[in-house]
Amino acid sequence: MTSKTTINELTLDLGAIADTIFYNGDIITMNDNMPGAEAVAIKDSKIIAVGSKSDVFKTEGDATKVIDLNGKTMLPGFVDSWSHIGPAAMLADFADLSWWGEQAPADFKAIFAKLQANQRQQDVKDGEWIVGWGYDPTYLKENRHPDRADLDAAFPNNPVALVHLSGIMGVTNSVGLKIIGVTAASQDPAGGSIARNPQTQEPTGLLQGNSFAPLAAQAIGKPTMEQLRERLLKTQMTYAAHGFTTVQDGIAVPVALALYQEAGVKGELILDIVALPGSEMADALIGGEKARPFGVYNNHWKLGGIVMMADSAPQERTAFFSKPYLTKVPGKDADYCGMALATQTEIDRIAKLCYANNIQYIGYGNGDGGIDMHLNAIATAVKELNDTGQNHRTVIAHSQFVRKDQLDTYKKYGIMPTFFTNHTYMFGDVHTVNLGEERASFLSPMKTAANKGLIVTNHTDYFSAPPAALFAVWTAVNRISRSNVVIGSDERVTPYDALRAMTVNGAYMYFEENAKGSIEVGKLADLVILDKNPLTVDPMTIKDIVVLETVKEGRSVYKSNHFDY
């Protein structure tokens, strides 16, 4: 009988024979105690040996598959700390209007062409919804949102919905406005805005914040669970193709939770999904009629926490700031600072509910004004509950325009920022115009946050940005805008620290540091194989590195075309 030992709370057989051994590559473990290794052995779903080739090959048996990496690079599988696999799946069959997609549209004409092609592909009849997702006006020649008149001319017989890449605003035409009941007499809902013609007060078709939700619900409709499962599998493959083994559904809705439950039971979840329901579900899920455990995987998905939204998209000037935007927003006063999506009272209530029940609180905040609302709520909850606040791993998602003094408060209460450095490329130029160079340069300040002792993560925010981990690493390292301007040179981080934010720190955020995030004995065999080493290539080429294979718990879930060892 072989002896056993306990490592990372997992009991391993020291005499175990490996299923697979990888060697002869750049193996970046993301384990500071052993940054590199010559070989890795896995058995079933776990890593059983890491280190020198001679030691690791002691686990080789007659049936062991030995894989020569031929100089390729191995890393732990990427962990996305903020994205939206649920909405991405629900939109998967609609027209992709994103700037990173195939044949990305450069103007309204190209948008309408892609919508018409999707209409034919999906056999959309007159009177049925035509839907596209992922557009942004700053990527279009017209440099504005399409309005109802533009859409009416192109699609007179169908309701149309264009979902902005933020996912929290969009545009519809006259047929769509009629279906959702929005007229000149409609009032702006709390936390929402209906764009209007200043002369007639007629809606232009642009709906922002909470006014957008009815449009999204109508346009997406009610696909069958079978349709949703097919879309979810397709979307998981999109993530896997970029090296992700753990993904997220930020602001998960009830139908998404039902989807994960069914797909999990049927064995269709090839990645781990962390679902973060929105605050409107908090009461039911925490001690209510739909209460269920948080933080425990069931067939590769779990509830990870509750999301409370404070504001929305800074590039659209709807993020909430403590000081006004520098550019005039149509229909707003000169001292316009953005828009809060919730009251301080409601944010206070949700924060206290989460802290009192030891549920991870995920505050969503882009502008420093929105972040202040979360910090006030957290301080109140900690005081009223006589809690240090240090043990909850509270997160403020995006934290894009956090101030330095706010980072000190993060440290005080053990708050983790999950940054969105992709905005330096996507909208760095726009932010500089709207906010000024000083505020724009401190966008997603990864280096300052880390220097203050915070554990920081970085994310893709797919479907609001490309689902590419290495693009996020590239933006964190280079912070180059579309016009080739460095946005905040002092906040650039090393490639290694950028990788930490997508691996070991992401695992820590999910309370999974004992199972994921680094290549160590006893952890899950979640791995990604790259064609080049992000630590040794020219930093400007990191985004061009190709994911060759993604391995989830010892099983290959994605392999690039034409690639073999």
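This section describes the overall build of a predicted model and then a number of its residues.

The chain contains 19 helices and 25 strands. Its radius of gyration is 24 Å, close to the 24 Å that the globule rule gives for 565 residues, so the chain is as compact as a globular protein of that length. Along the principal axes, the C-alpha atoms fill a box of roughly 85 × 55 × 50 Å. The accessible surface amounts to about 22300 Å², and carbon and sulfur atoms account for 50% of that area. Of the 565 residues, 58% count as buried. When contacts between residues at least 6 apart in sequence are considered, 71% of them join residues at least 24 apart. The chain carries 50 positive and 64 negative charges, and the mean positions of the two sets are 1 Å apart.

In soluble globular proteins, nonpolar side chains tend to be buried together. In this model, the largest nonpolar core comprises 113 residues. The members that touch the most other members are Phe78, Leu232, Leu257, Tyr260, Tyr361 and Tyr410. Helix H17, spanning residues 469–478, supplies the largest share of this core, with 8 residues. The surroundings of tyrosine 361 were listed without residues up to four places away in sequence. On that basis, tyrosine 361 touches Ile306, Met308, Ile347, Ile350, Ala351, Cys354, Tyr355, His374, Ile378, Thr394 and Val395. A second, separate core consists of 25 residues, including Met339, Met416, Ile487 and Tyr510.

Two buried residues in regular secondary structure were examined individually. Leucine 548 belongs to strand S24, which covers residues 547–552. Its relative accessibility is 7%, under the 20% limit, and leucine 548 therefore counts as buried. Apart from neighbours within four places in sequence, leucine 548 is in contact with Lys72, Ile529, Leu530, Asp531, Tyr558, Lys559, Ser560 and Phe563. Threonine 200 is 348 residues from leucine 548 along the chain, and the C-alpha atoms of the two are separated by 56 Å. Asparagine 118 is placed in helix H3, which runs over residues 108–121. With a relative accessibility of 8%, asparagine 118 also counts as buried. Outside the four nearest places in sequence, asparagine 118 is in contact with Asp93, Phe94, Ala95 and Val131.

Backbone geometry was considered at three loop sites. A cis peptide bond, with omega about 20°, joins tyrosine 462 and phenylalanine 463. Phenylalanine 463 is located in the loop between strand S22 (457–458) and H17, the helix that gives the largest core its largest share of residues. Aspartate 123 is not a glycine, yet its phi is positive, at about 55°. This aspartate lies in the loop between H3 and strand S10 (130–135); H3 is the helix that holds asparagine 118. The relative accessible area of aspartate 123 is 48%, a value between the limits of 20% and 50%, so the residue is partly exposed. Serine 444, likewise a residue other than glycine, has a positive phi near 45°. Its position is in the loop between helix H15 (437–441) and helix H16 (446–451). Serine 444 is buried, with a relative accessible area of 0%, whereas aspartate 123 is partly exposed.

Conventions. Residues numbered from 1 in each chain as written. Predicted model: local features only at pLDDT ≥ 70, side-chain atom pairs only at ≥ 80, totals over all residues. Heavy atoms only, no water. Helix = DSSP H or I, 4+ residues; strand = E, 2+ residues; numbered from the N terminus. Rg over C-alpha atoms; globule rule 2.2 N^0.38 Å. Buried < 20%, exposed > 50% of the residue type's maximum accessible area, 1.4 Å probe, protein only. Contact = heavy atoms within 4.5 Å. Areas by Shrake-Rupley, 256 points an atom, 1.4 Å probe, with all protein chains shown as cover. Lys, Arg positive; Asp, Glu negative; His and termini not counted. Charge placed at Lys NZ, Arg CZ, Asp CG, Glu CD. Core = buried A, V, L, I, M, F, W, Y, C linked by side-chain atoms within 4.5 Å.
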